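Work through the exercises below with the structure open beside you, and try each task before you read its solution.

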Amino acid sequence: MLVITVLNLKGGSSKTTSAAFIAHAMHESGLKVLAVDADGENESLLQWGSLGEWPFPVIGMAVPNLHRQLPGIANGKYDAVVIDTPPMKEQRSIVLSAARLATHVVCPMAPTPIEYNRLPAVRQLLVDVADLRDGDAPAFAVLFTRTVSNAASTEVYREMVAEDGDYVLKPTIGRLERYSQAFGMPIENALNSAYGDAVIELLDLDVQKEIA
Ligand SMILES: Nc1ncnc2c1ncn2[C@@H]1O[C@H](COP(=O)(O)OP(=O)(O)OP(=O)(O)O)[C@@H](O)[C@H]1O
Ligand SMILES: [Mg+2]
């Protein structure tokens with residue numbers, strides 16, 4: 001079972017939007033999806049799933065032992081679980097738990113100085129996760145969101161993140177009305193969007209990892 005955990009230290013970094021579109025892209029690709037809202041304060045994913053009448057279940061599970069509770073609910077019933085997390089400054093234990101059972105961790109961020117500045121804390125969390133998993137870290141990728149087309153900054157930050165040793169998915173999510181106005185609505189054609197391309201690349205990453 002694939003477990004995609006969407007996390008970032010920073011509030012308002014497109015975690016919920018990314019979790020929503022990634023879950024839909026996976027659903028549209030034929031996978032049986034469960035979406036999990038681990039942000040108990042906002043419950044945005046839970047609300048969005050209900051308002052938007054999503055075609056797969058969304059459950060609330062904002063607990064620091066998610067890695068123990070979720071397998072009992074999801075194992076054998078779903079192909080893929082997508083977890084939306086709270087900003088980890090407030091709820092680090094929940095985010096850590098959501099990353100502990102991940103096959104893939106995605107960190108959405110804008111290619112801007114303020115968001116780049118927060119990446120070391122994400123990296124530290126992944127080091128802690130690897131320790132808790134006896135060195136077996138989940139695949140990790142940064143996803144640039146809220147990008148402006150043709151802005152030079154996107155490629156500059158891609159190189160900076162690469163130099164720091166992290167991978168940035170090739171597709172980037174533009175700063176678009178499609179996403180800023182999406183909350184509470186049904187989501188269609190996610191697989192044909194940049195999020196679909198990002199999911200395909202993300203899962204390919206795993207294939208490459210297995211070959212290596
Ligand atoms: N690609 C995008 N283009 C334009 N607006 C976007 C995009 N992605 C997200 N947004 C907007 O940015 C804001 C923050 O997004 P979102 O709620 O997904 O972030 P979050 O990381 O889940 O926030 P929180 O930490 O509060 O849970 C929202 O208003 C959302 O609509
Ligand atoms: Mg959110």
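The exercises that follow concern a predicted model, and they deal with helix packing and with a ligand.

**Exercise 1.** Determine how helix H1 is oriented relative to helix H2, and which residues make the contact.

*Solution.* Begin with the geometry: H1, residues 15-28, and H2, residues 44-51, pack at an angle of about 45°, and their axes are 10 Å apart. Angles under 35 degrees would count as roughly parallel and those from 65 to 115 as roughly perpendicular, so H1 is oblique to H2. Next, consider the handedness, which is right-handed where H1 passes H2. Finally, list the residues: H1 contributes Thr16, Thr17, Ala19, Ala20 and Phe21, while H2 contributes Ser44, Leu45 and Trp48. Sorted by class, this contact has five nonpolar and three polar residues, and no charged ones.

**Exercise 2.** Repeat the analysis for helices H4 and H6.

*Solution.* H4 spans residues 92-100 and H6 spans residues 119-132; they pack at about 55°, with their axes 10 Å apart, and are therefore oblique to each other. Their crossing is right-handed. On the H4 side we find Arg92, Val95, Leu96, Ala99 and Arg100, which meet Gln124, Leu125, Asp128, Val129 and Leu132 of H6. Divided by class, the residues of this contact are six nonpolar, one polar and three charged.

**Exercise 3.** Identify which residues come nearest to ligand 1, and then examine its polar contacts.

*Solution.* Of the 16 residues around ligand 1, those that come nearest are Ser13, Lys15, Thr16, Thr17 and Gly174. Turning to atom pairs, an oxygen atom of ligand 1 lies 2.7 Å from an N or O atom in the side chain of Lys15. Backbone atoms also take part, since a ligand oxygen is 2.9 Å from a polar backbone atom of Ser13, and one is 3.5 Å from a polar backbone atom of Ser180.

How values were computed:
Residues are numbered from 1 along each chain as its sequence is written. Chains are lettered from A and ligands numbered from 1 in the order in which they are written. This is a predicted model: local features need pLDDT of at least 70, side-chain atom pairs count only at pLDDT 80 or more; totals for chains, interfaces and linings use all residues. Side-chain values use heavy atoms; hydrogens and water are left out. Axes are lines fitted to C-alpha atoms, for helices over the stretch in contact, and angles run from 0 to 180 degrees between N-to-C directions. Helices (H or I, at least four residues) and strands (E, at least two) are DSSP runs, numbered from the N terminus. Angles under 35 degrees count as roughly parallel, over 145 as roughly antiparallel, 65 to 115 as roughly perpendicular and the rest as oblique. A crossing is left-handed if the near helix is turned anticlockwise from the far one by less than a right angle, and right-handed if clockwise. Contact means heavy atoms within 4.5 Å. Ala, Val, Leu, Ile, Met, Phe, Trp, Tyr, Cys and Pro count as nonpolar, Asp, Glu, Lys and Arg as charged, and the others, Gly among them, as polar. A residue is near a molecule or strand if one of its heavy atoms lies within 4 Å of it. A polar contact is a pair of N or O atoms within 3.5 Å; within protein, one must be able to donate a hydrogen and the other to accept it, and residues adjacent in sequence count only if both atoms are side-chain atoms.
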